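Work through the exercises below with the sequence and the model in view. Each task is followed by a solution in steps.

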Amino acid sequence: MRPASLKILGKKWSVDYKSMDQDEIGECDLERQAITIKDGLKTEQETSTLLHECIHAISDSLGLNLTEKQVQGLETGLFDLNSSNPRFFSHIRKR
Ligand SMILES: [Zn+2]
């Protein structure tokens, strides 16, 4: 089930799915703490776009000023890390 909100660095961000311009599939708004994902994407593209926007949210929240290229690289790397190691994130969550 796709999340309607996410907690990112202690703050609640809303996640909305709606129609967007042709060339846009995701958006991250630090002021409103809102992530928007284009509605109707295929599941894998939707989840990787959500991850991408979360990386933007982290970058903006911490003032990292990551470039679009860096965000894209982290999206690809983290998505692959998770799919190649399905239990990895639950492993690092354990204390
Ligand atoms: Zn981006």
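The model is predicted.

**Exercise 1. Leu9**

Task: Decide whether Leu9 is buried or exposed, then find where Leu9 is placed and describe its phi.

Solution. Step 1: within 10 Å of Leu9 there are 9 other C-beta atoms, so Leu9 is exposed, since a residue with 12 or fewer falls in that class. Step 2: the loop between S1 and S2 holds Leu9. Step 3: most residues other than glycine have a negative phi. Step 4: Leu9 is not a glycine, yet its phi is positive, about 50 degrees.

**Exercise 2. Asn65**

Task: Repeat the steps for Asn65: is Asn65 buried or exposed, and in which loop does Asn65 lie?

Solution. Step 1: Asn65 has 8 other C-beta atoms within 10 Å and is therefore exposed. Step 2: Asn65 belongs to the loop between H1 and H2. Step 3: the phi of Asn65 is positive at about 55 degrees, although Asn65 is not a glycine.

**Exercise 3. The sheet**

Task: Give the order of the strands in the sheet, and name the edge strands.

Solution. Step 1: the sheet is open and has 4 strands, in the order S1-S2-S4-S3, with mixed pairing. Step 2: strand S1 (5-8) and strand S3 (26-29) each pair on one side only, which makes them the edge strands. Step 3: from one strand to the next, the twist averages 20 degrees. Step 4: S1 and strand S2 (residues 11-18) run antiparallel and are joined by 4 bridges. Step 5: opposite Lys7 stands Lys12 in S2. Step 6: H1 packs on this sheet and touches S1, S2, S3 and strand S4 (34-38), and the direction of H1 makes about 25 degrees with that of S3.

**Exercise 4. Strand S3 and its partner**

Task: Which side chains of S3 point to one face and are buried, and how many bridges join S3 to S4?

Solution. Step 1: in a regular strand the side chains alternate between the two faces of the sheet. Step 2: in S3, Gly26 and Cys28 point to one face and are buried, while Glu27 and Asp29 point to the other face and are not buried. Step 3: S3 is joined to S4 by 4 bridges, and these two strands run antiparallel. Step 4: the bridge partner of Glu27 is Thr36 in S4. Step 5: S3 and S4 make a hairpin with 4 residues between them, and Gln33 in the turn has a positive phi of about 45 degrees.

**Exercise 5. Asp16 and Glu53**

Task: Assign each of two residues to buried or exposed: Asp16 and Glu53.

Solution. Step 1: Asp16 is in strand S2. Step 2: because 12 other C-beta atoms lie within 10 Å, Asp16 is exposed. Step 3: leaving out residues up to four places away in sequence, Asp16 touches Ala34 and Thr36. Step 4: Asp16 and Lys94 are 78 residues apart along the chain, and their C-alpha atoms are separated by 29 Å.

Step 5: Glu53 is in helix H1. Step 6: Glu53 has 25 C-beta neighbours inside 10 Å and so counts as buried, because the class begins at 20 or more. Step 7: leaving out residues up to four places away in sequence, Glu53 touches Gly26, Cys28, Ile35 and Ile37. Step 8: Glu53 and Cys28 are 25 residues apart in sequence, with 5.8 Å from C-alpha to C-alpha.

**Exercise 6. The two helices**

Task: At what angle do H1 and H2 pack, and which residues of H1 and H2 meet?

Solution. Step 1: two packed helices are described by the angle between their axes and the distance between the axes. Step 2: helix H1 (residues 43-62) packs with H2 at about 125 degrees, and the axes are 9 Å apart. Step 3: H1 is therefore oblique to H2. Step 4: the crossing of H1 past H2 is right-handed. Step 5: from H1, Ser48, Leu51, His52, Ile55, His56 and Ser59 meet Val71, Leu74, Glu75, Leu78 and Phe79 of H2. Step 6: sorted by class, this contact of H1 with H2 has 6 nonpolar, 4 polar and 1 charged residues.

Step 7: Leu78 is part of helix H2 (residues 68-84). Step 8: Leu78 has 16 C-beta neighbours inside 10 Å, so Leu78 counts as partly exposed. Step 9: Leu78 and Leu51 are 27 residues apart in sequence and 8.4 Å apart in space, C-alpha to C-alpha.

Notes. Residues numbered from 1 in each chain as written. Predicted model: local features only at pLDDT ≥ 70, side-chain atom pairs only at ≥ 80, totals over all residues. Axes fitted to C-alpha atoms, helices over the stretch in contact; angles between N-to-C directions. Parallel < 35°, antiparallel > 145°, perpendicular 65-115°, else oblique. Left-handed = near helix turned anticlockwise from the far one by under 90°. Contact = placed C-beta atoms within 7 Å. Nonpolar A, V, L, I, M, F, W, Y, C, P; charged D, E, K, R; others polar. Pairing = 2+ DSSP bridges.
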